[in-house]
Every structure is written in C-alpha cells, then in structure tokens.
Amino acid sequence: MTAAREETTPSALAEPVRRVGGGWIALFGAAWLGIWMAQLTPVQLLLPLQVEQQLDAASWTDNVVAFGVISAIAGVFALIAFPVTGALSDRTTSRFGRRRPWIAGGTVLFAVALFALGFQSGMVGIGVWWTLAIIGFCVLSAALTAAISDQVPVGQRGFVSSWISAPQAIGLILGVLLATTLFTGQFLGYTAIAVLLVVLVAPFCLWMPDARLRREERPPFTMRALIEGMWVSPTAHPDFGWTLLSRILVNIGNALGTTLLLYFLMFGLNDPNAEDDLLVLIVIYTIFVVIASIVAGALSDKLARRRVFVLVASVLQALAALLLAFVPELTVTMVAAALLGLGYGCFLSVDQALATQVLPDPASRGKDLGIMNIATAVPQAMAPLLGAAIVSWLGGFPGLFLLSALFGFAGAFAVSRVRSVR
C-alpha cells in the first residue's frame, strides 16, 4: 500500500498545474508582511538610530558610513546564505517537506536575532546580531520564494508574486508607525517586530502543502556538488543570466535612489520638516507600489507577457531618479516618489514571476532563486555605504541620482535581451 501511494503522489519536482486558492495567497501575503516589517523597519529606523546613539558623531556622513559598514558585512553573509540555504532546501527530504523546515528555522533565527538586537549597546554586538538577523532573513525568504515555483502555475505567478511586493511597502510604513507610536524605544521596537514576524509567518508555514522530496529525486548531496551548483553558466542559460543582471542593476539603482532620501531632504533640499515630509513620501511611494504590483502582476498573467512590464518598470525608476537629479524641489520629489513606486511595484511582482520562468532546473529551484534574491538583498545592504561615498566624491546628491538613473536604464537593456519569455 505504501509503495502504491508513493507512486500516485505528485513529484516534488513536477511543474505545478493546479491554481492556488485565496487562502494560500492570503497567508503567503501575511508571511511576507511580517518578513518585510522585520527587515525594513531596522534598516529605515531602528538601526540608524541605534548606530547614531553609539557614535554620537558630528557629521551625518560618519553615521551613514558606520551603518553602511554594518550593512555591507551583513550583505557579504547574505551573498553566501541565499544560494547555499536554497540549495540545501532543494535537497531536503524531511517528512515535513522541502521548504517548511527552512521557513521555520529561518523565522526562529531572524526573530531571536532581532530580539537580541534590542539589548545591544556596542557596535560589535549590533553588527553580529544584525548579520545573524540577515542570515535568518535569507534562509526564510529563499525557501518562501521557492514555494512559488513549487506550487504556483506559470499563469498565476504574476499575481501571486505581487503579494511579495505589495506587503513590502505596507510593512515598511506599518513597522515605522509601530516603532514610533506604540512600541517606542530600542528594546520595544525590536521585540515588537520579532513577535509579529513569528505570528505572521507561522500560519503559512503550518498550513501550506509542501511535497516531500523522494530520496531518488534528490540532487547530489556533496560539498563539491553544492559549490559547483553555485555557478549557473550565462552561456548555457543566457536568459537566467540576463534576468539576474537586470535585477542586480535595477536594485542597485533603486537602492541608490532611496537609501539616503532623508539626508537628501535635510541637506540637499534644506527641508526644515524633513522627517515629516519623508513620511509623506513613503506614503505616496507605498500607495503606488501596492497598486502597481497587484495590477501589473495580474495583467502580466492575463497577457502572458513579463519582459515588457519589467522593461517599463526599470525605465520609470530611472526617470524618477532623473527628476531628483535635475529638479531638486519637494513637489517634484513627491512626483518622483509616485513614479518610483509605480516602477518598483511593477518590477517586484513581474520580475519575480519572470525569474521563475528562466530557472535552469526544477531540481534546483531553491538555489537558483536564492541566487536571484542576492540581487535584491545585497544592493540594499551595500547602498548606505556606497551612497555616502558617492555623495562625498561627487560633491552632492545630483551625481548619486544620475548614477541611479544610469543603473535603471542599464537594467531595462538587460531584460530586453531575455528571449524565452515574452
């Protein structure tokens, strides 16, 4: 009976054909809301304030550089954690499934590290625990994005992927509001988002179906196989290479255009209400990200087209950066925030769907999507340090935004080279 049942059980490597329901999507979106809240609230608010309190530096650039060094160190570990843990989840034959153990483990590590950050009063401790938090984030998000390729049919991936991007914008605002109103202070801020992370991810982790990988289907499980698998030849798989390059370029451009926005308001525009106006910009950005991600994701499914959406999204972000470079005024900055939200919302949802369609091998979905995720996380980690250096070297913010635009246009060119997906 057991052998007969295993023969009729769908392979974990099979291409999904059954559409996922509203319950699956709702819990998936809630999980990502918790993830983005836990990752972006420290980046945008808690960590900079924590670093500033420890340094007590006279110049804003000193604070940004210190924060940038911590982010860059965490980014190096993310560079390793994303593909390695993705590859390990591809090989997991647990009775709980391939992805569930890694989603659970990543959530626990992420939450514990955030909680510990609330107690840190030294730069070394901040750096160590933030690096562990980012590793937890990588483990969790690598397994969770692989669930799209595992369980969502191609014709639904644009809409489902939008429930990664829409919660990103909402999570940022919600996390910042909670940390500045209900849970003020370093300890309460970190503790609140750690608890919310577990509460929001746990239902999807427990409820989602997760096919068990048969041992005969498992890719080679040796150190050499893992290391060799980290390389995906752009010659043998050009569309994977172009999609990865496009994602790297666009995310670098986006990170350069957004990471130092508060300092741009304060020192580029001499805005006396910089913090309040930053919140207005975030709200504008969020509204357009949510609208663009859901509408573009669903429309790309209906039209069965991905590439043109990603190309337009890249150009919109580049245009937003050009506005910031050449017309440095608050009103224009608000228009740029709307354009950036439109572009990035569309990019996040449709590019994720595009990425799932250019993967070289169904047996290595987790690893390959982990490599793709590097292109999202690492530019964000490196942007504070890189942005501060560019502003200092080029004598102001216009050069920073011009580079941001250049990366956006380059990303549009790269995605135009993809051939296997319309």
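Select D90 and R99 to begin: in this predicted model, both residues are buried, and they form a salt bridge whose closest N and O atoms are 3.0 Å apart.

**The charged network**

Keep those two side chains displayed and add D150 and R98, which form another salt bridge, here with the closest N and O atoms 3.2 Å apart. This pair links distant parts of the chain, since D150 belongs to helix α5 and R98 to the loop between α3 (60-90) and α4, with their positions 52 residues apart. Both D150 and R98 are buried. For the wider picture, extend the selection to E15, R157 and R365, because salt bridges that share partners join E15, D90, R98, R99, D150, R157 and R365 into one network. A search of the whole structure finds ten salt bridges, and a further one to display is that between D301 and R306, where the closest N and O atoms are 2.8 Å apart. D301 is buried, with a relative accessible area of 15%, and R306 is likewise counted as buried, at 3%.

**Aromatic rings**

Next, hide the charged side chains and show the aromatic ones, among which the count comes to 18 aromatic pairs. Begin with F110 and F137, whose ring centres lie 6.0 Å apart and whose planes meet at 65°, so the pair is edge-to-face. F110 sits in helix α4 and F137 in helix α5 (residues 123-151), 27 residues apart, so that the pair links distant parts of the chain. Are these two rings buried or exposed? F110 counts as buried because its relative accessibility is 0%, and F137 counts as buried at 5%.

Now select F115 and F187, which also form an edge-to-face aromatic pair, 5.9 Å from centre to centre and with 65° between the planes. Here too distant parts of the chain are linked, with F115 in helix α4 and F187 in helix α7, 72 residues apart. In contrast to the buried rings of the previous stop, F115 counts as partly exposed, at 36% relative accessibility, and F187 counts as partly exposed at 35%.

To return to F110 and F137, widen the selection to W24, F28, W32, W36, F82 and F204, since these residues together with F110 and F137 form one aromatic cluster.

**A nonpolar patch on the surface**

With a surface representation turned on, select F115, F119, L182, F183, F187 and L188, which form a nonpolar patch on the surface with about 580 Å² of accessible area together. F115 and F187 are thus part of this patch as well as partners in an aromatic pair. Another member to pick out is F183, which lies in the loop between α6 (157-182) and α7 (186-207) and counts as partly exposed, at 30% relative accessibility.

**A buried serine**

Turn the surface off again and move to S349, placed in helix α13 (residues 330-356). At 0% relative accessibility, this serine counts as buried. What is S349 in contact with, once its neighbours within four places in sequence are left aside? The residues to display around S349 are G158, S161, S162, S165, S293, A296 and G297.

**Two residues with positive phi**

Most residues other than glycine have a negative phi, and the next two stops depart from that tendency. Centre on N270, which has a positive phi of about 55° although it is not a glycine. N270 is located in the loop between α10 (261-268) and α11 (274-303), and it is exposed, with a relative accessible area of 60%. Then go to A304, also a residue other than glycine, whose phi is positive and near 55°. A304 is found in the loop between α11 and α12 (307-326) and counts as partly exposed, at 48% relative accessibility.

**Colouring by confidence**

Finally, colour the chain by pLDDT, which averages 88, with 95% of the residues scoring at least 70. Which elements have the lowest and the highest mean pLDDT? Helix α1 (residues 2-8) has the lowest, at 41, and helix α4 (residues 100-117) the highest, at 97. Over residues 1-9 the pLDDT stays under 50, and for this segment the model has three contacts beyond four places in sequence. Where pLDDT is low, the predicted coordinates should not be read in detail.

Conventions
Residues numbered from 1 in each chain as written. Predicted model: local features only at pLDDT ≥ 70, side-chain atom pairs only at ≥ 80, totals over all residues. Heavy atoms only, no water. Helix = DSSP H or I, 4+ residues; strand = E, 2+ residues; numbered from the N terminus. Buried < 20%, exposed > 50% of the residue type's maximum accessible area, 1.4 Å probe, protein only. Contact = heavy atoms within 4.5 Å. pLDDT = per-residue confidence, 0-100. Patch = residues over 30% accessible without salt bridge, like charges linked within 9 Å, V, L, I, M, F, W, Y side chains within 5 Å. Areas by Shrake-Rupley, 256 points an atom, 1.4 Å probe, with all protein chains shown as cover. Salt bridge = Lys/Arg side-chain N within 4 Å of Asp/Glu carboxyl O. Phe/Tyr/Trp six-rings, centres within 6.5 Å; stacked < 30°, edge-to-face > 60°.
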